[in-house]
Amino acid sequence: MVKICCIGAGYVGGPTMAVIALKCPKIEVVVVDISVPRINAWNSDQLPIYEPGLEDVVKQCRGKNLFFSTDVEKHVAEADIVFVSVNTPTKTRGLGAGKAADLTYWESAARMIADVSKSDKIVVEKSTVPVKTAEAIEKILTHNSKGINFQILSNPEFLAEGTAIKDLFNPDRVLIGGRETPGGLKAVKALKDVYAHWVPDDRILTTNLWSAELSKLAANAFLAQRISSVNAMSALCEATGADVSQVSYAVGTDTRIGPKFLNASVGFGGSCFQKDILNLVYICECNGLPEVAEYWKQVIKINDYQKNRFVNRVVASMFNTVANKKVAILGFAFKKDTGDTRETPAIDVCKGLLGDKARLSIYDPQVTEDQIQRDLTMKKFDWDHPLHLQPMSPTTVKQVSIVWDAYEATKDAHAVCILTEWDEFKTLDFQRIYDNMQKPAFIFDGRNIVNPAKLREIGFIVYSIGKPLDAWLKDMPAVA
Ligand code: NAI
């Protein structure tokens, strides 16, 4: 029986391994982690992450051929294939601070693999890593290997949170990069055989190691760039009276462009886009390509601009101050159908409003009070470390209250900001919300999910990103 061990039981390691276990009943899959609470949660009824369909998959195979354990060394030693899906945060200190990937967790995992291994192994990079990381990992493994043969593969993960299970069941492609040597090709075939249990042959792409590593960074950069492109257009739409939804529809019907990832919003978030682009920028700079670095940096700058622009619209519309005004924040997760708040635009928007002394009442169907308070007090990039190594927030933000209902959040509020596109926000009783708010009542829709015309009929002053402006807002231009 082939044995797989995955180091890192996070958003990637957990769902990917659960799906491998489900689709390959003859393979034993063990997911290990240094975080005891995380492993306990995977072994409980309350999984550590929310992802539609995940619970069902885990329940079908847990205890049969899917196991979660903190006994990292034992399971790594026993495995034929070791996936490494640990954190790769942005460095906050030293060389490359603020851009380069911090490979501390990766390196310690590689050293541990070398230490405990007694048999040949295939080591698979599942984490997103800088191009050429495999070379460094290879060096660590071979210098410490005691004659054991390690083959390194790059198998980046393309799942999207919120649709992870669907994406894993039916991936656009699985990418496997390996050395073009007999040993490398054999390892590629072994991993391909795992995915071949359910992924059609023509969707399993094989490349050299460096192409696979770089493709992941490139794919995320391209995706983020589409969002920044449409968001840049949204600012121009507001200035000219064009409607960004109409523009992106017209643009996206061109088959060369396609309709996906063209929704204007308050900005992209999530654990990957910013981190991976910063990483790409750093690699370009290190390779003497400042123009290329500058080009990709702009994708992040536009994203920051969009978040600032949103905050400025809110403040400018409300007589240039939100001091002591209650602002309801609907949605805190970086997108719908996930509880993940890593790099969510809600953090910057909330911090911006708090900077202007607003009182915030936040409701998100999947994010806990503790998480929101941690996010609003944590330093940039600190979130991307294993939970038990993150600095505990010493204080809570007093002007913030977290409530469990959109109506409670909006009661007596001066304004509502919609920051996540949760489906339940589309069907709220806005008349009821309006009746219970201070007047004039404002709605700032950062996800374009409400119907501005209907809300205006009720009496709201409405701002929707990239849409023709309310007369009220026209007189108060927001300077970013
Ligand atoms: P995560 O933070 O949810 O999970 C990482 C896990 O690794 C944590 O539970 C941590 O305790 C554990 N860990 C760290 N060092 C360890 C060690 N030495 N031994 C055992 N466990 C260790 O992170 P997530 O989101 O799963 O991301 C992992 C990697 O996958 C990152 O490189 C990320 O960029 C990449 N990725 C993430 C995607 C996403 O949607 N979240 C999608 C594709 C790639």
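## Close-up views of a predicted model

**View 1. Around the ligand, backbone and side-chain atoms both come into play.** A backbone N or O atom of Tyr11 sits 3.0 Å from an oxygen atom of the ligand. Next comes Val12, where a backbone N or O atom lies 2.9 Å from an oxygen atom of the ligand. Asn87 takes part through its side chain, with an N or O atom 2.9 Å from a ligand oxygen atom. If you widen the view, you will find 26 residues around the ligand, and those that come nearest are Asp33, Arg38, Thr88, Glu161 and Lys275. As you look through these panels, please keep in mind that this is a predicted model.

**View 2. Ala114 in helix H5.** Here we look at Ala114, which belongs to helix H5 (residues 104-116). Is Ala114 buried or exposed? Its relative accessibility is 0%, so Ala114 counts as buried. Leaving out residues up to four places away in sequence, Ala114 touches Ile140, Leu141, Asn144, Lys146 and Phe150. Take Lys146 as one of these: Ala114 and Lys146 are 32 residues apart along the chain, yet 8.3 Å separates their C-alpha atoms.

**View 3. An open sheet of 6 parallel strands.** Follow the strands across the sheet and you will read the order E11-E10-E9-E12-E13-E14, with parallel pairing. E11 and E14 (461-464) each have a single partner strand, so these two stand at the edges and one side of each is left without a neighbour in the sheet. On average, and ignoring direction, neighbouring strands of this sheet are turned by 15° against each other. At the E10 and E11 pair, 3 bridges join the two parallel strands, and Ile362 has Ile402 in E11 as its bridge partner. E12 and E13, also parallel, are joined by 4 bridges; here Ala415 is partnered by Phe442 in E13.

**View 4. Strand E13 and the loop leading to it.** Which residues of E13 point one way, and which the other? Phe442 and Phe444 point to one side of the strand, Ile443 and Asp445 to the other, and all are buried. Step back into the loop between helix H16 (430-435) and E13 and you meet Pro440. The peptide bond from Lys439 to Pro440 is cis, with omega near -5°.

**View 5. Helix H12 and a buried arginine.** H12 (290-317) lies across E12, E13 (442-445) and E14, and runs at about 170° to E13. Arg309 is placed in this helix. With a relative accessibility of 5%, Arg309 counts as buried, because the cut-off for buried is under 20%. What does the side chain of Arg309 contact at 3.1 Å? One polar contact of 3.1 Å is with the side chain of Ser234, and another of 3.1 Å reaches the side chain of Gln306.

**View 6. Helix H13 and its surroundings.** On H13 (residues 345-355), the buried residues are Pro345, Ala346, Ile347, Val349, Cys350, Leu353 and Leu354. What do they pack against? Their partners are the helices H12 and H14 (369-377), together with the strands E9 (326-330), E10 (359-363), E11 (400-402) and E12 (415-418). Ahead of the helix, in the loop between E9 and H13, lies Glu343. Glu343 has a positive phi of about 55° although it is not a glycine, and at 11% relative accessibility this residue counts as buried. After the helix, Lys357 lies in the loop between H13 and E10. Lys357 also has a positive phi, near 70°, and is a residue other than glycine; at 57% relative accessibility, Lys357 counts as exposed.

**View 7. Two nonpolar cores.** In soluble globular proteins, nonpolar side chains tend to be buried together. The largest nonpolar core in this model has 63 residues, and those with the most contacts inside it are Phe310, Leu353, Leu360, Ile362 and Phe460. H13 gives the most to this core, with 6 residues. Another core lies apart from it, with 47 residues, including Val123, Val129, Ala134 and Ile300. Zoom in on Phe310 and, leaving aside its neighbours within four places in sequence, you will find it in contact with Val266, Val349, Cys417, Leu419, Phe444, Asp445, Gly446, Tyr463 and Ile465.

Conventions. Residues are numbered from 1 along each chain as its sequence is written. This is a predicted model: local features need pLDDT of at least 70, side-chain atom pairs count only at pLDDT 80 or more; totals for chains, interfaces and linings use all residues. Side-chain values use heavy atoms; hydrogens and water are left out. Buried means under 20% relative accessible area, exposed over 50%, partly exposed in between (1.4 Å probe, protein chains only). Contact means heavy atoms within 4.5 Å. Two strands pair if DSSP finds at least two bridges between them. Axes are lines fitted to C-alpha atoms, for helices over the stretch in contact, and angles run from 0 to 180 degrees between N-to-C directions. A polar contact is a pair of N or O atoms within 3.5 Å; within protein, one must be able to donate a hydrogen and the other to accept it, and residues adjacent in sequence count only if both atoms are side-chain atoms. A nonpolar core is a set of buried Ala, Val, Leu, Ile, Met, Phe, Trp, Tyr and Cys residues joined through side-chain atoms within 4.5 Å. A residue is near a molecule or strand if one of its heavy atoms lies within 4 Å of it.
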